[in-house]
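Good morning, colleagues. I should like to walk through one structure today, beginning with its sheet pairing and ending with its nonpolar cores. Please have the sequence and the model in view.

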Amino acid sequence: MIVPWAAGGGTDPLARLIFDDMSKRLGQPFVLDFRPGAAGTIGANTAAKSDPDGYTMLFTSGAPAVNANFMPNVAYDPKTDIVAVAQVTDSPTFLTANVNTPFSTFQELIDYAKANPGKVNAAFSGVGGNSHLAVTTVQYMTGVEFNVVPYTGSGAQQADLMSGVVDIGFGFAAGFMPGVNGGKLKYIAAMSDKRDPLMPDVPATDESSYKGVYRGNWFMALAPKGTPREIIDKMNAELRVSVAKPEIAKKINELGYTVTIGSPEDAANLIKADVENMKKLVDAGVFKLE
């Protein structure tokens, strides 16, 4: 199972949790092959070019399937070379700030940023990735201007956010939790129309005067094109069994994700919708992946 992100990153514990269970249950080892780089497209290309025999698949968040449609020099076609097997989790992107910043709600952040254009240092991890898209979405939907600071990895971003080098960051709730619990960070908002049931104390962006400022995080399994439907259906069914286990679902929740699994068609439709939403930002010239 190719994971196109770094070992030890946000995808690692989720992938290990699910596929360790499948290995034990099925008696078939699922080996995680971490191949990070280029917003996930290096690992995704390896998966896309693999034999469609069910022995090599991809487990990833959205960038290799969605953002890659708009990235130059991608060595595979994300529309045709990889096919959806199953979405397994969902979560809104969380906007988090250094505890010493002069705003504590999404409305206060936007009001402050508009009064101080370019003075809020907004961090994201991975050009072309989900947090890059999240900061772009906030700027586009609200009209604010941040001083955007890209990082190559989430670890450096987290360190600078906690120390106050940057003011705000975007990512998974669980990734920010140690800083929040340690008194260094504060959650500002979940980028959604409603509060995350796993984080009910964090307001949704729709609770401000700015509606529709959404960005979700999901993980799914994908397979090389040409993989027989019976293999895709079998993998989908086995993923359902694993994430439906109460002990597995509880641990997934503890990582900050909600279990969300449907058919391969459901997963494909999610990718399609995300591509359409991203196209609006690309066509508007505000999300550039060169």
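In strand β8, Ile168 is the bridge partner of Ala97. I should say at once that this is a predicted model. Ala97 belongs to the pairing of β5 with β8, two strands that run antiparallel and are joined by four bridges. β5 also pairs with β9, again in the antiparallel sense, over five bridges. Within that second pairing, Leu95 has Ala189 in β9 as its bridge partner.

Is β5 enclosed or open to its surroundings? Five of the five residues of β5 are buried, so this strand is largely enclosed by the rest of the structure.

Let us place these strands in their sheet. The sheet is open, has five strands in the order β7-β6-β8-β5-β9, and shows mixed pairing. At its edges are β7, residues 147-151, and β9, residues 185-190, each of which pairs on one side only. On average, and with direction ignored, neighbouring strands are turned by 30° against each other. The parallel sense appears between β6, residues 121-125, and β7, which pair over five bridges. There, Phe124 has Pro150 in β7 as its bridge partner.

Next, the helices. Helix α5 lies across β5, β6, β7, β8 and β9, and runs at about 45° to β5. Which helix does α5 pass in a right-handed crossing? The helix is α6. The axes of α5, residues 154-163, and α6, residues 173-181, come within 11 Å and cross at roughly 35°. On the α5 side, Gln157, Gln158, Leu161 and Met162 take part, and they meet Gly175, Phe176 and Gly179 of α6. The residues of this contact divide into three nonpolar, four polar and no charged.

Finally, the cores. In soluble globular proteins, nonpolar side chains tend to be buried together. The largest nonpolar core here has 27 residues, and those with the most contacts inside it are Ile18, Phe19, Phe59, Val85, Met235, Leu239 and Ile252. Two or more residues each come from α1, β4, β10, α7 and α8. Of these elements, α1 gives the most, with six residues. What does Phe19 contact, leaving aside its neighbours within four places in sequence? Phe19 is in contact with Met1, Phe30, Leu32, Phe59, Met235 and Leu239. Apart from this core lies another, of 24 residues, including Leu58, Val66, Trp218 and Leu289.

Thank you for your attention.

Terms used. Residues numbered from 1 in each chain as written. Predicted model: local features only at pLDDT ≥ 70, side-chain atom pairs only at ≥ 80, totals over all residues. Heavy atoms only, no water. Axes fitted to C-alpha atoms, helices over the stretch in contact; angles between N-to-C directions. Left-handed = near helix turned anticlockwise from the far one by under 90°. Contact = heavy atoms within 4.5 Å. Nonpolar A, V, L, I, M, F, W, Y, C, P; charged D, E, K, R; others polar. Pairing = 2+ DSSP bridges. Core = buried A, V, L, I, M, F, W, Y, C linked by side-chain atoms within 4.5 Å. Buried < 20%, exposed > 50% of the residue type's maximum accessible area, 1.4 Å probe, protein only.
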